[in-house]
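Colleague: I would like to learn how to read the features of a two-chain model, one at a time. Could we take each general idea and then its case here?

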Amino acid sequence: MSFADKLLKYQEFPFASYLAGVTGADIERTLTKEALVERDFLNLLSEQAVPYLERMAQKAHQLTVQHFGRVILLYTPLYLANYCVNQCAYCGFKVTNRITRKKLTLEEVEKEARAIAQTGLRHILILTGESRQHTPVSYIEECVRILKNYFDSISIEIYPLTEEEYGQLVAAGVDGLTLYQEVYDPVTYDAIHLAGPKKDYRFRLDAPERACRARMRAVNIGALLGLQDWRKEAFFTGLHAAYLQDKYLDTEISVSLPRLRPHVGNFAPCSVVSDRDLVQILLALRLFLPRAGITISTRERAEFRDNLLPLGVTKMSAGSCTSVGGHLEEATEGQFDIADQRSVREMHDMLVSRGYQPLYKDWHHL
Amino acid sequence: MEDKLIIGGQELESRLFIGTGKFSSHEIIPKVIAASGSQVITMALRRVNFSNEQDNVLNYIDKKCILLPNTSGARNAEEAVRIARIAREAGCGHWVKIEVISDNKYLLPDNYETIRATEILAKEGFVVLPYMSPDLMAAKRLEEAGAAAVMPLGAPIGTNRGLMTRELLRILIAEIKVPIIVDAGIGRPSQAAEAMEMGAAAVLVNTAIATAQDPVQTARAFSLAVQAGRMAFLSGPGAVQEYAVASSPLTGFLHK
């Protein structure tokens, strides 16, 4: 069984009529429950749940403090390369975009690592576009060997790998995977992934599970919000996380809520996700998955991120830059525009001023 | 009456162990330690940032306290052993709390892997305090493996549900010779007092203090509760009866 089988069960599910039929009493009932089932989660994503957002927020806050404390893990992305062979309609790195392409040399990786480590961060997320030719697994492995000298935890956000390849990177020192399905709806997926290996929906969908099987310590998933009806996409994200959490008990499962951001190209979101919608998704996810990590990246603007802080967030990026070589002087165009430009120090001060402990280290590679 | 708790050759006056996780800042930790009177402080090695003076939790723990690094994050015995060795090499002493959890949903400990890690580390000279699900045979094996104390859970970590495993704890306290330290789940001072009244040697509290409105005051309350519970245990409570027993019996004259 794979998560694909679970998705199949919902293929014919009448989302529109179910969501329209949710009542205030359903939400009330859901809010009194200790453990939510799938329908409860869907109820909390309905329009009828909007008047209950404050009650959801209070409960989400209480659950988060209980399970995670007043602690926020800080990390930053490091773009190793922006070569990509895919044509994803919404991405600044797509092969047809005329941007400067670059891949960091190992010396440059070390320089970037040194610059980032000086900010105090000990967790890093390394990213590439999808080009096995320019950034093969062996290159990522070499980068990891350098980065291990500067960071306690290294996560990857790269193209999906086979189980053996994930195992290879785990052995090299990678302990976390971030991989967004982008969109769970297979028809939309096919329509916006115009060409390239990323067109293989199933290979991508099963990748987080392959990483769990390869003993990846932490796996972070998400849907790129804006590519389809957000209620369904948020629902499937939660279901996917719950599926992984139930099946791979020893892997820490997290979810991210990335919203489409401006980038090189002019793809318009199919579904607009407002701030209120994002809050609703965050709260519903927290109540459905009390122990899951929830990441809010610098895609969101500073003030909004600050307000999201007590609603269930456990990880935040800081000092982010989406271009290759961004922590050095010569940088390329970014994958997308970031909205929160604050430095690690500024994020630190914000967290402290709001009664949270900024956490720089939450793992120690063994 | 003299009442000593000795673990790993160390005599402890306080029977309240505390943790350092989930606080809003490291700065509050010294105040919590002082209010609790605790002498044994646990911290997750995964969170000790040796490369940053300001962010290093060790700098906030009184040097007179005994450090109890825990192996949080370990999914099997091998990982726990590696974390324990790293902690010792990093200067955190030779006490270690074994936490082997391969269930991220409920955070329940894996007793089998915990026993394996205890066997290895006790032989290496560590003072091993294993966190466990309260099971008599597992506790006996931990004792045989060289555990200096065993730390059964009262309820899953962070739940503040209290002594949900009460009956099993009672059996462990009766049958296990090394000290029983009730760890995890204690949410209120009254629950800590109850554990001590039952005969637990000590309790470990983290979430209940760290997430309280006033952690310092709560730490003090736990300290007093643990002392009260211990005194109650030592003094021996009156017997529990099924029927009311009059304190001025009506037939007392027959015995005069």
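Modeller: Let us start with the interface, keeping in mind that this is a predicted model. Across the interface of chain A and chain B there are 24 residue pairs in polar contact, both partners being at pLDDT 80 or more.

Colleague: Which elements of chain A supply at least two residues each of the side that touches chain B?

Modeller: Helix 5 (53-68) and strand 11 (357-359) of chain A each do so, and helix 5 gives the largest share of that side, with four residues. Sorted by class, the side of chain A that touches chain B holds eleven nonpolar, eight polar and twelve charged residues.

Colleague: How is the size of such an interface expressed?

Modeller: The size of an interface is often given as the accessible area that is lost when the parts come together. Here chain A and chain B bury about 2,900 Å² between them, with 44% of it on carbon and sulfur atoms, and the contact draws 31 residues from chain A and 33 residues from chain B.

Colleague: How many salt bridges are found across the interface of chain A and chain B?

Modeller: Side chains of opposite charge can pair when their charged atoms come close. The rule finds six salt bridges across this interface, and one of the pairs between chains joins B:Arg47 to A:Asp362, whose closest N and O atoms are 2.8 Å apart. Another salt bridge is formed by B:Arg161 with A:Glu34, at 2.2 Å between the closest N and O atoms. That pair crosses between chains, from the loop between strand 8 (151-152) and helix 5 (166-175) of chain B to the loop between helix 3 (24-32) and helix 4 of chain A.

Colleague: Are B:Arg161 and A:Glu34 buried or exposed?

Modeller: B:Arg161 counts as partly exposed, at 41% relative accessibility, whereas A:Glu34 is exposed, with a relative accessible area of 65%.

Colleague: How many salt bridges does the rule count over all chains?

Modeller: The count comes to 41 over all chains, including one between A:Lys6 and A:Glu38, with 2.6 Å from N to O. A:Lys6 lies in helix 1 (residues 3-9) and A:Glu38 in helix 4 (residues 38-44) of chain A, so this pair ties together parts that are 32 residues apart in sequence. A:Glu38 itself is partly exposed, with a relative accessible area of 22%. A salt bridge can also lie within one helix: A:Arg145 and A:Glu141 pair with their closest N and O atoms 3.1 Å apart, and both lie in helix 7 (residues 137-147) of chain A, four residues apart, about one turn of the helix. Of these two, A:Arg145 counts as partly exposed at 46% relative accessibility, while A:Glu141 counts as buried at 14%. Finally, A:Glu163, A:Glu209, A:Arg213 and A:Lys247 are linked in a network of salt bridges.

Colleague: Why can chain B be called as compact as a globular protein of that length?

Modeller: Chain B has eight helices and ten strands. The radius of gyration of chain B is 19 Å, close to the 18 Å that the globule rule gives for 256 residues, so chain B is as compact as a globular protein of that length. Its C-alpha trace spans about 80 × 40 × 35 Å along the principal axes, and buried residues make up 56% of the 256 residues.

Colleague: What are the surroundings of B:Ala192?

Modeller: B:Ala192 is found in helix 6 (residues 189-198) of chain B and is buried, with a relative accessible area of 0%. Leaving aside neighbours within four places in sequence, B:Ala192 is in contact with B:Ile186, B:Val203, B:Phe222 and B:Val226.

Colleague: And what should I look for in the backbone angles?

Modeller: Most residues other than glycine have a negative phi. B:Lys22, although not a glycine, has a positive phi of about 70°; B:Lys22 lies in the loop between strand 3 (16-19) and helix 1 (29-36) of chain B and is buried, with a relative accessible area of 11%. B:Leu107 likewise has a positive phi, of about 55°, and sits in the loop between strand 6 (95-98) and helix 3 (111-123) of chain B, where B:Leu107 is buried, with a relative accessible area of 12%.

Definitions and conventions:
Residues numbered from 1 in each chain as written. Chains lettered and ligands numbered in written order. Heavy atoms only, no water. Contact = heavy atoms within 4.5 Å. Buried area = accessible area lost by both parts, 1.4 Å probe. Salt bridge = Lys/Arg side-chain N within 4 Å of Asp/Glu carboxyl O. Polar contact = N/O pair within 3.5 Å; in protein donor to acceptor, adjacent residues only side chain to side chain. Nonpolar A, V, L, I, M, F, W, Y, C, P; charged D, E, K, R; others polar. Rg over C-alpha atoms; globule rule 2.2 N^0.38 Å. Buried < 20%, exposed > 50% of the residue type's maximum accessible area, 1.4 Å probe, protein only.
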